[in-house]
Amino acid sequence: VGDAGAQLLGAIALGSAVGLTLWPLLWSAGRSAAGALVTSARRAALAGLVVTIIVVLRAIDVNVLPVVLFLVIGAVLVEIAFTLRR
């Protein structure tokens with residue numbers, strides 16, 4: 001409690017765990033599309049980044065619903081932009 005380094009390391013570990021868990025799941029869901037491995041990696045990394053930010057915000061007691069919704073909606077909009085760009 002109160003150790004910023006440990007909190008940041010924990011947030012990175014949780015975000016990495018979520019990203020590495022989602023990557024094969026997203027890849028197996030979209031296997032038929034060309035480039036599905038790269039697309040699933042990008043989506044998993046984005047989800048892991050969102051989880052990392054939410055955990056950091058929780059550690060510093062700034063985790064409120066509008067901020068979390070902003071992060072999630074922002075991640076969805078980024079993914080839509082990347083998808084439409086192809």
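Which residue forms a salt bridge with Arg42? Glu79 does, and the closest N and O atoms of the pair are 2.8 Å apart. Keep in mind that this is a predicted model.

Let me place that pair. Glu79 sits in helix 3 and Arg42 in helix 2, 37 residues apart, so the salt bridge links distant parts of the chain. How exposed are the two ends? Glu79 is buried, at a relative accessible area of 12%. Arg42 is partly exposed, at 24%.

Glu79 has a second partner. The side chain of Arg43 also meets Glu79 in a salt bridge, at 2.9 Å from N to O. Again, distant parts of the chain are linked: Arg43 belongs to helix 2, Glu79 to helix 3, and 36 residues separate them. Arg43 counts as partly exposed, with a relative accessibility of 36%. Put the two salt bridges together. Because they share a partner, Arg42, Arg43 and Glu79 join into one network. As background, side chains of opposite charge can pair when their charged atoms come close.

Now the helices behind that network. Helix 2 covers residues 36–59, and helix 3 covers residues 65–85. At what angle do helix 2 and helix 3 pack? The angle is about 165°, with the axes 11 Å apart. The cut-off for roughly antiparallel is over 145 degrees, so helix 2 is roughly antiparallel to helix 3. Their crossing is right-handed.

Who makes the contact? From helix 2, we have Arg42, Arg43, Leu46, Val50, Ile53, Ile54 and Leu57. From helix 3, we have Val67, Val68, Leu71, Val72, Ala75, Val78, Glu79, Phe82 and Thr83. Note that Arg42, Arg43 and Glu79 are on that list. By class, the residues of this contact are twelve nonpolar, one polar and three charged.

Next, the other helix pair. Helix 1 runs over residues 4–29. The axes of helix 1 and helix 2 come within 7 Å, and they cross at roughly 155°. That angle makes helix 1 roughly antiparallel to helix 2. Helix 1 passes helix 2 in a right-handed crossing. What is the make-up of this contact? Its residues divide into 18 nonpolar, six polar and one charged.

Back to the charges. How many salt bridges does a search of the whole structure find? It finds three. Two have been covered: Glu79 with Arg42, and Arg43 with Glu79. Another one pairs Arg58 with Asp61, where the closest N and O atoms are 3.8 Å apart. Are Arg58 and Asp61 buried or exposed? Both are exposed. For Asp61, the relative accessibility is 63%.

Stay with Asp61 for a moment. Where does Asp61 lie? It lies in the loop between helix 2 and helix 3. Its backbone deserves a look too. Asp61 has a positive phi of about 60°, although it is not a glycine.

To recap. Arg42, Arg43 and Glu79 form one salt-bridge network, and these residues are part of the contact between helix 2 and helix 3. Glu79 is the buried member, at 12%. Arg58 and Asp61 form a salt bridge of their own, and both residues are exposed. Helix 2 is roughly antiparallel to helix 3, and helix 1 is roughly antiparallel to helix 2.

Conventions. Residues numbered from 1 in each chain as written. Predicted model: local features only at pLDDT ≥ 70, side-chain atom pairs only at ≥ 80, totals over all residues. Heavy atoms only, no water. Axes fitted to C-alpha atoms, helices over the stretch in contact; angles between N-to-C directions. Helix = DSSP H or I, 4+ residues; strand = E, 2+ residues; numbered from the N terminus. Parallel < 35°, antiparallel > 145°, perpendicular 65-115°, else oblique. Left-handed = near helix turned anticlockwise from the far one by under 90°. Contact = heavy atoms within 4.5 Å. Nonpolar A, V, L, I, M, F, W, Y, C, P; charged D, E, K, R; others polar. Salt bridge = Lys/Arg side-chain N within 4 Å of Asp/Glu carboxyl O. Buried < 20%, exposed > 50% of the residue type's maximum accessible area, 1.4 Å probe, protein only.
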